[in-house]
Structures are given as C-alpha cells and as structure tokens.
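Reader: I've got a new model open and I'd like to learn how to read it feature by feature. Can you walk me through it?

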Amino acid sequence: AYENTGLQSQLPLEEQNYGATAARVRQGPSVPVPRNSPAKRDYLVAAVLCYANLINFMDWFVVPGILLDIQKYFELSDGDTGLLQTVFILCYMLAAPLFGYLGDRYNRKIILGAGIFFWSGVTLGSSFINELYYWIFFLSRGLVGIGTASFSTIAPTIIADLFEEGKRTTMLSIFYIFIPVGSGLGYVLAAGMAEATGDWHWAFRVTPCMGGLALVLLIVLVPHRTQRRTAAHRALSISGTIREAAEKPGVPRTAKTTWCQDVISLAKNWSFVWSSLGLTAMAFVTGALGMWVPLFLYRAQVVQGIVSLCLQESCNSSNSLIFGGITIGTGILGVIAGAEAARRLRKINNKADPLICAASMFVSALCLYIALMVAQTNILSTFIFIAFGELFLSVNWAVVTDILLYVVTPRRQSTAIALQILVSHLLGDAGSPYLIGIISNAIQARNAHSFRWSFWSMQYSFILCAFIGVFGGGFFLLTSFYIEEDRKEAEK
C-alpha cells in the first residue's frame, strides 16, 4: 500500500516485481510512510476483488444447483455426474501452481483480467451445448476451472499487500465471506433461472454478464502495478526511507529464489504442511456436500413420500434454493464468527488459530453424521444439522488463509497459496464428488434396483465425509505444535 512515493524506481528490478506481503516487524523504531493516494482506493480495489470472488464461486456451483436437470439431459449415472465437478477441480488445481509462479513474478492485474475474461466466455459458451455432445460440456467445465485458478491464487495476495496486520484479517474475512455467499447464490441463480425460464441452460448466461462488469471495474479501479511489500519495504519501516536503508551498511537484501527452492522451503514448514492437509479435509467435505446435497435431499423426500418422482423436463428446484440460502447464511455467520474468535483468542493463546480450526472440524463432522442418519425419517432435522455442519466448516475459511500468511515468508506467499490449492483440491474436492458417486453406483449395483436403494447408496457413501472431517481436525491439532516456531521464522 505504498503508492506514489518514488520508492519503486529506487528498488532493484527483482524487488519491484517479486514477492507478496511482508511479514510483520515487531522490533525497531517505525517511521510512518507517506501516502499520496487516499485509503479509499485500497477499499475500492478490495471491493472489486470481493465482487469477482462472488462471481468466481457462483460459477463453481451453478452445476450442482441444477444437477438433477443436467443428469437427466445428458443421461448420466451418479459416477459420471460426480465426474463433472472432478474435471472442473482437476483443471483448477493443475493451473494454480502456474498462476502462483506468474503472480509472484509478473503483473497481477493483467493475469486477473485475462482469467475473468476467459472463464466468463467459456461459461457463456457452455449454455449452448447439445445433449449429444456431453463431452464438450465436461471440457467446458475444465476450462472454467483454469480461468478461476488465476483469480483464486493471486487475489488474496493483493488484498494482503493493501492492508496492515490489523486490517488484513478483517479484509481477508470479508473476501472469504464471498466463498459461501457466492456458492449459495450459485444454487439460487441456477435453480431460479431454470424455474423461471423452464430451461436450465439459462443458468449459465447470467454470470458471464456479471464477469464483464467485474472486468471493467478491474481495468478502471485497480492500479496497473499493485505495490508489493518486500524485504526492502521492511527496511523502510525501520529506517524511514529506502535510500537511507540502502546507504546503511549491514542491511540485507532479499535474494531472488527459484521456484524449486521455494517449494523445498515450504515442504519443511510444518505449519504450512499440516494446515494444508487440514484444508484438504475441509475441501473434501465441502466438495462432496456442494455437489450432492440437493440430489440427496430430493431422494430422501421421495423415500418419505413428501415429493413424487420427477418425470418432467424441468424438475422442482426447491432443495437447491433452500440449500443455497443455508450456504449463504451459515457462510457469512461462520466466517465472521471464525475471524472474531481468532482475534479475541490470539490475545490469550498463540496457538488459537489452529485450535479453532480443529474444534470446528470435529463439531462439523458430528453434525453432518447426525444429518445423514435422520434424513430418512425427518427432513427438517436434516436441514438443521446440515446447516450447523456448514456453519462450523465456514469458521475456518479466513483463519486458514491467515495462518498461511504469517507462517510463510512474504516472497513465497503466492507460491504457497498455489501449492495449497493444488494439494487441497487434488486430495480433496477434485475426487470427493466422483468418489461419492462411484461408491453410490457400486452399492446400487449390489442390490435390487429401487429408488429406496438409490437413497441408501448415497447415504452410506456420504458417511465417508464425516470421517474425513475428523481427520481434518487432527491435522489442525498437529499444526498447533509448530505454529509458534514457524511464525517466528517467517518474521525474521
């Protein structure tokens, strides 16, 4: 957030174009840095990125919102249907390390703009695909995943650059609130458009228009070169100016490192490793829930006799609308509660962040297990326990990212976020929707063909999510053993 101060020209080239946020300096006198640009612009930039994040996650969950219609239209089995989200996530996670590398070294505004334009165009094109070309629909979801990877990898580092420690957690919390809000609106948009038009294809024609607006706002409001805080800026906060720091003997300069060196360093950072595995468990659970819950609720209602089998071209979308509303409400409440709990508990316990994440994962796993067990007899209780499960999962979103930002040295943060995206999706939600579908298919194949068994098969396969949630809590507990040491190391 050091704009128009004349500092950029005094930095060596590698320090102008490399690195993300700076670690906090806890010792030495600090001289405030003059800023000619008003703070309002920083908030405008953050608002644009939050809006784009909203669209990002709306695109993620348009397909689950109309999953029953898509399954009927393309005549897909449970396994093939789950593969839709798996293709999306696989392409997303494989592209993330590339964008992490580019984001640490090149202009981030250009990368973000190209990503928004690409994924919006592909989403619009997918709305015109005929039922005979289902493989093109699968391909389009993969391409959308590549586009969204550019945004998810780079946008958090820009927000972290704009704000100091006190404001940073708050702004990241707001940014991550748009994950559940966007996810929930994806369900609502998809179900609402399918119901209003009688054609599910229209669900894919709204977010591209929103993406066009995001691109315009990005071009107009986000500065061409967003300032990065590097080691030189840490020297600035101690001595007052870059020039004074440069003239002062003994002030170290940060050397440019290779991508392989960054990865090796991150692999030795146990707080980063264990928290990334905890996030992987979160991703596994949220991926499976996000893809299958509306369809699971529909099958539960048919078994209970609440609704009849859908034989029409456009099926009832009430479950997607309700689940979308639950996702929005619990997401907002969970992210705010997690950030506030972390802010308060850090004052009394340096390990508060991973302990909050661990506790929320354990409670979430219990709630989801209860929801699955009561689904056959009481649909209202199922909705309630699913809501609590999602609430406690949402507590972790901003807290996990904040852990990464203070245990990883600034010049490796885009790379760290990219690797975390790769691991969490590779072992998490890239496979969980498909795995749940495959297990469901296998159970149905071993039993008599009936709609009751189609419900039971999904119920039994979903139990896997509760156990994975418990493992996630364990990974966050392991993080708490290393977090103090790794945080001190990153601040050096």
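Reader: Let's start from the outside. What is the accessible surface of the protein chain, and what share of it belongs to carbon and sulfur atoms?

Author: Keep in mind that this is a predicted model. The accessible surface of the protein chain comes to about 19900 Å², and carbon and sulfur atoms hold 67% of that. As for cover, buried residues make up 58% of the 492 residues in the chain.

Reader: And which secondary structure is there, helices or strands?

Author: The chain has 21 helices and zero strands. A handy idea for reading helices: an α-helix has 3.6 residues a turn, so residues three or four places apart point the same way. Now try helix H4, residues 67–74, which is mostly covered, with six of its eight residues buried. Those buried residues are Leu67, Leu68, Asp69, Ile70, Gln71 and Phe74. Just after H4, Glu75 takes a positive phi of about 55°.

Reader: How do I read the core? Which residues have the most contacts inside the largest nonpolar one?

Author: Look for buried nonpolar residues joined through side-chain atoms within 4.5 Å. Here the largest such core has 128 residues, and Leu49, Ile66, Ile70, Phe137 and Phe462 have the most contacts inside it. Helix H13, residues 270–304, gives the most to this core, with 18 residues.

Reader: Where does this core lie with respect to domain 1 and domain 2, and why?

Author: It lies between them, because domain 1 (38–239) and domain 2 (259–491) both give residues to it. For a close-up, pick Phe137: leaving aside neighbours within four places in sequence, its contacts are Val63, Ile70, Phe74, Leu84, Ser126, Ile129, Trp200 and Phe204. Ile70 and Phe74 are among the buried residues of H4.

Reader: What about sequence separation: how much of the contact set comes from residues 24 or more positions apart?

Author: Taking contacts with a separation of 6 or more, 87% are between residues 24 or more positions apart. Leu221, in helix H9 (residues 207–221), makes a good example to inspect. Leu221 and Ala47 are 174 residues apart in sequence, and their C-alpha atoms are 9.9 Å apart in space. Not counting residues up to four places away in sequence, Leu221 touches Arg41, Val45 and Val48.

Reader: Is Leu221 buried, exposed or partly exposed, and why?

Author: Buried stops at 20% relative accessible area and exposed begins over 50%. Leu221 has 29%, so it counts as partly exposed.

Reader: Can polar residues be buried too? Take Asn269 and Ser440: where does each one sit?

Author: Check the position, then the accessibility, then the contacts. Asn269 is in the loop between helix H12 (259–267) and H13. It is buried, because its relative accessible area is 9%. Outside four places in sequence, Asn269 touches Val407, Val408 and Asp486.

Author: Ser440 lies in helix H19, residues 432–445. With a relative accessible area of 0%, Ser440 is buried. Its contacts, again leaving out residues up to four places away in sequence, are Asp78, Arg299, Ser457, Met458 and Ser461.

Reader: Last one, cysteines. How many disulfides does the structure hold?

Author: Zero. You can still read single cysteines by accessibility.

Reader: Then are Cys209 and Cys260 buried or exposed, and why?

Author: Cys209 is exposed, because its relative accessibility is 59%. Cys260 is exposed as well, since its relative accessible area is 51%.

Methods:
Residues are numbered from 1 along each chain as its sequence is written. This is a predicted model: local features need pLDDT of at least 70, side-chain atom pairs count only at pLDDT 80 or more; totals for chains, interfaces and linings use all residues. Side-chain values use heavy atoms; hydrogens and water are left out. Buried means under 20% relative accessible area, exposed over 50%, partly exposed in between (1.4 Å probe, protein chains only). Helices (H or I, at least four residues) and strands (E, at least two) are DSSP runs, numbered from the N terminus. Domain bounds come from an automatic or database domain assignment. Contact means heavy atoms within 4.5 Å. Accessible areas come from the Shrake-Rupley method with a 1.4 Å probe; for residues, only the protein chains shown count as cover. A disulfide is a pair of cysteine sulfur atoms within 2.5 Å.
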